[in-house]
Amino acid sequence: MASSDTTRDPAGYLPLTPALFHVLLSLADEQKHGYAIMQAVAERTGGQVELSTGTLYGIIKRLLADGLIRESALGSTDRRRAYRLTAFGRKVALAEVERMRDLVTAADMTKLLRVSAEV
Amino acid sequence: MPGSRLYRALLKLFPREFRGDFGDQMEADFHDQREDARKAGQRSAGVWTRMLVDMLQRAPREHVDILRRDAGYALRLFRRRPGMTASALLTLAIGIGLNAAVFSVVHGVLWRSLPLPHSSRLVYLAEVGPPPERMEAWVSQASFDSWAREARTLDAIGSIRITSATLMQGGGAERLMGGEVSRGFFATLSARPLLGRLFNDGDFASDAAVRVAVIGHDLWKRQFGGRSEVIGERVNLGQAGMVEVVGVLEPAFVFPLFRNAAIMLPDVPTGSPYRSPMMAIGRLAPGATVRGLQTELDLVASRLAAAAADPGRAPGVRVTSLRDQVTSGAKTQLWFLFGTASCVLLIVCANVSNLLLTHTAGRRRELVTRAALGASRAHLVRQGLTEGMVLALVGGIAGFLLAGWTVPALIALAPRTIPRLGEISVGWPVLAFATVTSVCVGLTCGLAASLTAGRSAPGLTLRSHRAAGNHERSRFRQGLIVAQVAVALVLAVAAGLLVQTMRAVTALPLGYDPSNVISIGFSPGELGIEGTAAKASLERNLIEAIRSVEGVTAAGVGSPPLNRSYFSISIAMPSKPSEPADLHAEFAGPGYLEALGARLVAGRFFEDRDGPQGQPAALVNESAAKRLWPAGAIGQTFLHNQKPIVIIGMVNDVRRTGLEAQPQSTIYLSSAQNANYWTNNMLVRTSGDPRELLPAIRTAVRQVDARLPFTSVETLAQRLDLATAPRRFNLWLVSLFSIIALGLAVVGIYGVVMESVAQRVPEIGVRMALGASAAGVTRMVLGQGTWMIGIGIALGMAAVLALNGVMAAFVFGVQTTDPVSLGIACAVLAAAGLLACAIPARRAARVDPVVALRAE
């Protein structure tokens, strides 16, 4: 399904939805199974982004189909499957970070942030 | 744990595929969530609620996601097979489009509410005669009054008598149709004035100082230039006197049973028992039903009957919804057309299913691969359904557009006998119909194709060329072809019978010659003519003036044929004055029968001497002569109103009342000898096109009396045309449907036989290598087609015989089992079907055994 990573452009997947981005982030350091992802996201966002099981597995389905994550043989039990970021998934997450950084830089050049800081 | 059981049940909301991939993990996660909540001392209800909301939100999305993926897959497939896709779409567009077009007519005419407020509560009230005929009739004042007095389930009741008047305006005269309406008429229909007012109680007083009128919007625009000062103006209605216009009706107001009523007058009671009957309408109380009112009025009628002198002949009552009354004449015809259109849709379904099957057959390897990769049968069926749906919906959109384009043509073709043609439109209901039809067709075709394919899939392996499922599939496809042939035969027989009917109707002996005859109505009421002599002299002068026009070969006073209504009189033999006989009667002047083109069998036609001073004279037709004077009618005398009348001539039987009604015993009385009965019509026969002489005829009439307006002007050819219009409409549509059906069936047969030949190329190669001749192979292929067509024709015949009763209502002068129609239909289908097999047969005969075997 996923063709070789070198031929695909990460920019084609941007922008990512916040929930999807957080799932990628939570897998950046280590593989996790579903419930651990939910907990990590909730923790990282201070409860702002709370993934429910249905939403989470909808996202996982998409990420798997697009080859951004894959199931990990390590750490899997009978019932639990763990997921880890693929190299391409890492590229996509990084590209999203770049994109957001560009946005912030662009905003920096305007009065927007200064004005809001004054306020 | 009971919780996880419930959770597993809820997981069923998700697509199976998703559930298979993630169900276990979701369940484990949910379990962990609950555990954590318990440890944290939270209530589990919160976890459950969140989970439930999440599921209800997510599950539909997952379904849509899969649908979108399947649809995208289907679209890609279709793009790869443009030929198949185009022919399927075209077929679907025609099938759905035709049905949507016919539906829009059925909906607009039969189902749409009448354009009146509270229209669903409006009812039509009629009197019915004594059994067994229980003939429906307009209402007498006595019946109307009793209903108005006693009916509790009616909110309002009103009546209208048809009348006519001549509006003398600006030096000209215009003949108007009008209605004398009761006090409750406008209230029943919730009519409102655009200007001025409607009638009040004072207007109905018999000693009212001025007569008042309310005029329709069209008349106001046409004759009064849409001026608002018209309110309060006095206008001259000729013989009806001067009336004051008190109101103008809203443009939207129309009484659907009497659309051309241009002027409304109050129906002032006269106390006379001899008033013309009227149409009665009512508005049901909220919650009341037609049936309830019927029961109530039946009681009223039976009470009146018990008090009547002759209870057996007292009228009954029939209540129908106003809409049903308006549309009753067109109902069976429209349902019939709808039925034939749905036959076309059945054939379309069969054809598209077949196309999809060919398509799936071509993808066998792909399906097997997918099955091997774990796609379940349900998955393959779902994919097939999506393909069918995508095709049908796109085809449905095209069909809807096609309907929008054909409906105006359909309306233009439709006979004027169908009411409410102006109210037909291609709107939301038609779109809804097209959508529902598309979905049904898509499901049927997709299911038919994928179930057969799905069933065969597990039996297939990647290596096998000829698989077990193949046989089953071709059986199914042959079944579809048989069904198509059967339905096409039903339509072909219907078309054949309608052609025969049309031939029978046009070949009917009219008894007169309708070419070059024009019927002209006139209105002498304004001239203030009284008495037999004055009437006779006006009629004589008029006819003489017209006869003097160059090109007129005959002219006379009398009514046009195909009039539907007729006049009936009682006559008696002088020897048996107490045994009256009823006959149809016509009041005619000299020249009338000649202008009509009736044939004189014996005696003479009317002449000028049969005037007021002459001896009362009559002609009879052959039926009357045979019935009443078998020994010879000429010179015989009969009594009418105790007055002796002598028979001076006998003419042939003429179809007067209706084209398809047998001529009745008829007596022609001299118009000049009857002061009370005004025919107000004449027939003029000309040597060329009568319409070209109309200006000259007008000039001639104006010289007799400039105030005499013409009412209706129509050639007999036009009247004949109108009389055959409904049948012609049926014939056109059903022929069109049957041609489409035949074409689709032929395409279907061709496709199936062609595919079967393609599959059997190796087998044919072997046969030929073993010595089978090309002719033998051709025969084999044709034989296969002949079987399908034969069974289809046999089933179609059975259907034709079963539908005998339905068809009988639409044929005339031909048996529904007419061997000629049946034979021609079978022959045409068989020939077209075999022709469709001939091309594949030729291809089979040309198979090169060497090439075929090498490929194997």
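In the predicted model, B:Asp513 is partly exposed, with a relative accessible area of 33%. The side chain of B:Asp513 forms a salt bridge with that of B:Arg685, at 3.4 Å from N to O. B:Arg685 belongs to strand β21 of chain B, whereas B:Asp513 is found in the loop between α13 (468-506) and β12, so the pair ties together parts of the chain that are 172 residues apart in sequence. At 12% relative accessibility, B:Arg685 counts as buried, because the limit for that class is under 20%.

Salt bridges that share partners also join residues of both chains: A:Lys61, B:Arg58, B:Glu62, B:Asp65 and B:Arg68 make up one network. Over all chains, the count of salt bridges comes to 39.

Two further pairs in chain B illustrate other settings for such bridges. The side chains of B:Arg183 and B:Asp201 meet at 2.2 Å, N to O. This pair links distant parts of the chain, with B:Arg183 in the loop between β4 (172-181) and α6 (185-188) and B:Asp201 in the loop between β5 (193-196) and β6 (211-215), 18 residues apart. B:Arg183 is partly exposed, with a relative accessible area of 39%, while B:Asp201 counts as exposed at 54% relative accessibility. The salt bridge between B:Glu35 and B:Arg38, at 2.9 Å from N to O, lies within a single element. Both residues are part of helix α2 (residues 16-39) of chain B, where they are three residues apart, about one turn of the helix. Of these partners, B:Glu35 is partly exposed at 25% relative accessibility, and B:Arg38 is exposed, with a relative accessible area of 57%.

Strands β12 and β21 of chain B also take part in the packing of helix α14. This helix spans residues 532-547 and contains 16 residues; the distance from its first C-alpha to its last is 22 Å, close to the 22 Å expected at 1.5 Å a residue. The buried residues of α14 in chain B are B:Lys535, B:Ala536, B:Leu538, B:Glu539, B:Leu542, B:Ile543, B:Ala545 and B:Ile546. They pack against strands β12 (517-522), β13 (552-557) and β21 (681-686), and against helix α17 (690-704).

Elsewhere in chain B, B:Asn621 occupies a position in strand β17 (residues 617-621). B:Asn621 is buried, with a relative accessible area of 1%. Its side chain makes a polar contact with the side chain of B:Asp653, at 3.2 Å. With neighbours within four places in sequence left aside, the residues in contact with B:Asn621 are B:Met650, B:Val651, B:Asn652, B:Asp653, B:Gln664, B:Ser665 and B:Thr666.

Chain A comprises five helices and three strands, which follow the order α-β-α-α-β-β-α-α from the N terminus. Of its 119 residues, 39% count as buried. Among contacts in chain A with a separation of 6 or more, 52% are accounted for by residues 24 or more positions apart. The accessible surface of chain A comes to about 7000 Å², and carbon and sulfur atoms contribute 57% of that area. On this surface, A:Met100, A:Leu103 and A:Val104 make a nonpolar patch of about 260 Å². A:Leu103 is located in helix α4 (residues 87-108) of chain A and is exposed, with a relative accessible area of 53%.

Terms used:
Residues numbered from 1 in each chain as written. Chains lettered and ligands numbered in written order. Predicted model: local features only at pLDDT ≥ 70, side-chain atom pairs only at ≥ 80, totals over all residues. Heavy atoms only, no water. Helix = DSSP H or I, 4+ residues; strand = E, 2+ residues; numbered from the N terminus. Buried < 20%, exposed > 50% of the residue type's maximum accessible area, 1.4 Å probe, protein only. Contact = heavy atoms within 4.5 Å. Areas by Shrake-Rupley, 256 points an atom, 1.4 Å probe, with all protein chains shown as cover. Patch = residues over 30% accessible without salt bridge, like charges linked within 9 Å, V, L, I, M, F, W, Y side chains within 5 Å. Salt bridge = Lys/Arg side-chain N within 4 Å of Asp/Glu carboxyl O. Polar contact = N/O pair within 3.5 Å; in protein donor to acceptor, adjacent residues only side chain to side chain. Expected span 1.5 Å × (residues − 1).
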